[in-house]
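Work through the exercises below with the structure open. Try each task before reading its solution.

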Amino acid sequence: MEPQQRDHQSNGQMRIMQWVWTLVLTGIPLVNIIMLIIWAADRANPRRNYAIATFIVMAAVIVLYFLVFMIFMILGIALFESDPTYSDTYYY
């Protein structure tokens, strides 16, 4: 059984518990960014492609959030009444 484990490690495959720990570490805020930077910088690490792909997805989500935020800001400004004398509040 020992030669099989060495064989899996030599060809870049990771065991299930290694993937479990990878997912646990990437689920912790701030630790995930640090670990992804470490994994992405290490050329010999089998997690390198995972880390790079995660950074690409993070960048796409940030851009998408920014675009949605800008759309709502533009709609909010366009719907905001520009005449300060007009009020829909009635006083009796």
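Two exercises follow, one on a helix pair and one on aromatic rings.

This is a predicted model, where local features need pLDDT of at least 70, side-chain atom pairs count only at pLDDT 80 or more, and totals for chains, interfaces and linings use all residues. Residues are numbered from 1 along each chain as its sequence is written, and side-chain values use heavy atoms, with hydrogens and water left out.

**Exercise 1.** Describe how helix 3 and helix 4 cross, and which residues meet.

Solution.
- Step 1: locate the helices. Helix 3 spans residues 31–41 and helix 4 spans residues 48–79.
- Step 2: take the axes. They come within 8 Å and cross at roughly 130 degrees.
- Step 3: classify. Angles under 35 degrees count as roughly parallel, over 145 as roughly antiparallel, 65 to 115 as roughly perpendicular and the rest as oblique. Helix 3 and helix 4 are therefore oblique to each other.
- Step 4: list contacts (heavy atoms within 4.5 Å). From helix 3, Asn-32, Ile-33, Leu-36, Ile-37, Trp-39 and Ala-40 take part; from helix 4, Arg-48, Tyr-50, Ala-51, Ile-52, Thr-54, Phe-55 and Met-58.
- Step 5: sort by class. Ten residues are nonpolar, two polar and one charged.

**Exercise 2.** Which residues form an aromatic pair, and are they buried or exposed?

Solution.
- Step 1: apply the cut-off. Ring centres must lie within 6.5 Å, with the six-membered ring used for Trp. The whole structure yields one pair.
- Step 2: read the geometry. Trp-19 and Tyr-50 sit 5.8 Å centre to centre, with 85 degrees between the planes. Planes under 30 degrees apart count as stacked, over 60 as edge-to-face and the rest as tilted. This pair is edge-to-face.
- Step 3: place the partners. Trp-19 lies in helix 2 (residues 16–26) and Tyr-50 in helix 4, 31 residues apart.
- Step 4: check accessibility. Buried means under 20% relative accessible area, exposed over 50%, partly exposed in between (1.4 Å probe, protein chains only). Trp-19, at 33%, is partly exposed. Tyr-50, at 24%, is also partly exposed.

Note on methods. Axes are lines fitted to C-alpha atoms, for helices over the stretch in contact, and angles run from 0 to 180 degrees between N-to-C directions. Helices (H or I, at least four residues) and strands (E, at least two) are DSSP runs, numbered from the N terminus. Ala, Val, Leu, Ile, Met, Phe, Trp, Tyr, Cys and Pro count as nonpolar, Asp, Glu, Lys and Arg as charged, and the others, Gly among them, as polar.
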